[in-house]
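Got your viewer open? Follow along on this short tour, stop by stop, and select each piece as we reach it.

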Amino acid sequence: MKENISQYSSAVEIIDAIIAHAVQVQASDIHCDPQGSSILIRMRVHGIMEKIATIPQKLHEEIIARLKILAGARTDLHIVPQDGRWKVEGDIPYNIRISFMPTYHGENAVMRLLPIHTVRDVSFSKLGFTPDHERSIYRAITKTSGLILVTGPTGSGKTTTLHTCLIQKAREPLSIITLEDPIEYELPGIRQVYVRQAQGMTFAQGLRSALRQDPDVIMVGEIRDADTARVAIHTALTGHLVLSTLHTNSSLEAIPRLIDMGIDPYLLASTLRLVIGQRLVRTVCSGCNLEGCDMCRQSGSAGRSVIAEVCDIDTRMKEMMLKKVSSTSYQSYARSKGFVSMAEDGLEKVEWGVTTQAEVQRVLYE
């Protein structure tokens with residue numbers, strides 16, 4: 001890429017070359033960072049940031065203007081953040097979501113590449129969930145009411161897991177609504193709502209409005225505050241299946257976190273059905289087994305897989321919620337029932353040859 005990009009002189013050619021390279025290496029994000037004397041182009045490939053090329057600073061304004069035109073953003077606005085998106089056709093069509101942010105050296109642009117076919121063709125096993133995980137998830141999503149949570153940090157694949165749940169539910173004659181910020185993937189047959197908090201529409205407000213749309217299933221992109229948590233719980237309590245995400249380090253930490261947010265333990269015990277904790281690890285390239293080959297660009301990695309822990313909420317755990325016990329108590333009880341932690345799931349995938357111990361260590365502990 002470094003050698004090839006120097007042959008282009010226009011912003012149109014440079015952007016086309018960068019996006020084509022990103023698609024080729026299966027990058028999830030492209031960063032265009034102004035550095036003062038140059039523009040640094042980086043890509044996140046299988047979760048790792050890679051430096052791709054540098055571009056002369058004199059092309060910065062032209063490149064940003066071209067990206068804004070593609071994204072439908074305002075080209076005359078430079079001092080406030082903007083967002084946009086567009087579609088790239090090809091063998092694998094992509095939606096590209098972009099964010100512009102003013103920095104000391106000029107506007108920074110970050111693109112998220114979203115292959116359109118990914119969610120439609122995906123299954124829990126393809127994501128990396130074990131057969132036991134799949135059975136627990138299917139049991140929960142076949143219910144007509146209750147709350148299902150997916151936990152983990154940003155970039156751990158939570159949205160993809162929720163979308164996979166929704167794809168399964170969409171095979172039934174149901175009314176399904178999602179509230180997302182932003183909408184990453186188009187889901188056929190599902191009404192998707194873009195929650196724009198900057199314009200005054202929060203997840204809680206969107207959820208209240210969605211209830212007037214006669215839904216059977218609602219996905220809330222993220223429980224960020226107590227208000228959203230309360231509305232989600234009451235929605236699940238009134239005969240709806242609610243799916244959402246929460247930022248916690250493990251699945252079982254979600255329970256005390258929601259109680260700390262002011263959720264009545266009795267209401268939580270009445271609604272919570274399943275909690276999934278997950279991370280994404282790089283998988284071993286089957287063509288070279290870590291040695292490096294052309295197929296994996298000498299990286300030894302061929303993609304990413306979920307390592308997860310899936311906790312069914314049973315009667316005993318509901319009783320523990322009423323007593324407001326610590327996450328350690330939930331952990332002890334779950335383990336007595338055969339609960340497998342993310343670390344243990346990761347080590348099992350190391351034994352299967354899916355990933356490496358160093359990668360599991362990096363994702364969970366570094």
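Before the first stop, one definition: two strands count as paired when DSSP finds at least two bridges between them. Also keep in mind that you are looking at a predicted model.

**Stop 1: the six-stranded sheet**

Colour six strands in the order β3-β2-β1-β6-β5-β4, and you have an open sheet with antiparallel pairing. Now go to its edges, where you'll find β3 (48-56) and β4 (82-88). Each of these has a single partner strand, so one side of each is left without a neighbour in the sheet. On average, neighbouring strands here are turned by 20° against each other, direction ignored.

Next, zoom in on β1 (residues 27-34) and β6 (residues 106-115). These two run antiparallel, joined by four bridges. Want one bridge to click on? Pick H31, whose partner in β6 is V110.

**Stop 2: a hidden space**

How many cavities of 30 Å³ or more does the structure hold? Just one. The space inside the largest cavity comes to about 40 Å³. To see its walls, select C32, I39, I41, I55, H60, I63, I64 and E107. β2 (38-45) and α3 (60-71) each supply at least two of the lining residues. Which element gives the largest share of that lining? That would be α3, with three residues.

**Stop 3: the seven-stranded sheet**

Hop over to the other open sheet on our route. Seven strands build it in the order β9-β8-β10-β11-β7-β12-β13, and the pairing is mixed. At its edges stand β9 (191-194) and β13 (301-312), each pairing on one side only. Neighbouring strands in this sheet are turned by 20° against each other on average, again ignoring direction.

Two helices are worth showing alongside it:

- Helix α8 (residues 203-210) packs on the sheet and touches β8 (176-180) and β10 (217-220). The direction of α8 makes about 165° with that of β8.
- Helix α15 (residues 357-365) also packs on the sheet, touching β12 (272-284) and β13. The direction of α15 makes about 130° with that of β12.

**Stop 4: strand β10**

Stay with the sheet and select β10. Are its faces covered or open? Both are covered: V217 and M219 on one side, I218 and V220 on the other, are all buried.

Now look at the strands paired with β10. β8 pairs with β10 in the parallel sense over four bridges, and I176 stands opposite V217. β10 and β11 also run parallel, joined by four bridges. For a bridge to click on there, take I218, whose partner in β11 is V242.

**Stop 5: strand β7 and T151**

Move along to β7. β7 and β11 (residues 241-246) pair in the parallel sense over six bridges. One pair to find is V150 and its bridge partner T245 in β11.

Then select T151, which sits in β7 (residues 146-151). Is T151 buried or exposed? T151 has a relative accessibility of 0%, so it counts as buried. Leaving out residues up to four places away in sequence, T151 touches K158, L246, T248, S250, S251, A254, V275, I276, G277 and Q278.

**Stop 6: the cysteines**

How many disulfides does the structure hold? Zero. Try C165 to see why: the closest cysteine sulfur, in C311, is 15 Å from the sulfur of C165, too far for a bond. C165 is buried as well, with a relative accessible area of 0%.

C293 is in no disulfide either, and the nearest cysteine sulfur, that of C296, is 3.7 Å away. The cut-off for a disulfide is sulfur atoms within 2.5 Å. C293 counts as buried because its relative accessible area is 16%, and buried means under 20%.

**Stop 7: the second largest pocket**

Our last selection is an open one. The second largest pocket has a volume of about 420 Å³. It is lined by 20 residues, and V310, D312, G338, F339 and V340 lie nearest its centre. Colour α6 (131-141), β13, α13 (327-336) and α14 (342-351), since each supplies at least two residues of the lining. Which of these gives the most? α6 does, with five residues.

Methods:
Residues numbered from 1 in each chain as written. Predicted model: local features only at pLDDT ≥ 70, side-chain atom pairs only at ≥ 80, totals over all residues. Heavy atoms only, no water. Buried < 20%, exposed > 50% of the residue type's maximum accessible area, 1.4 Å probe, protein only. Contact = heavy atoms within 4.5 Å. Axes fitted to C-alpha atoms, helices over the stretch in contact; angles between N-to-C directions. 1 Å grid on protein atoms, 1.4 Å probe; cavity = no way out; pocket = protein on both sides within 12 Å on 5 of 7 lines; lining within 4 Å. Points joined across faces, edges and corners; volume = space filled by probe spheres on them.
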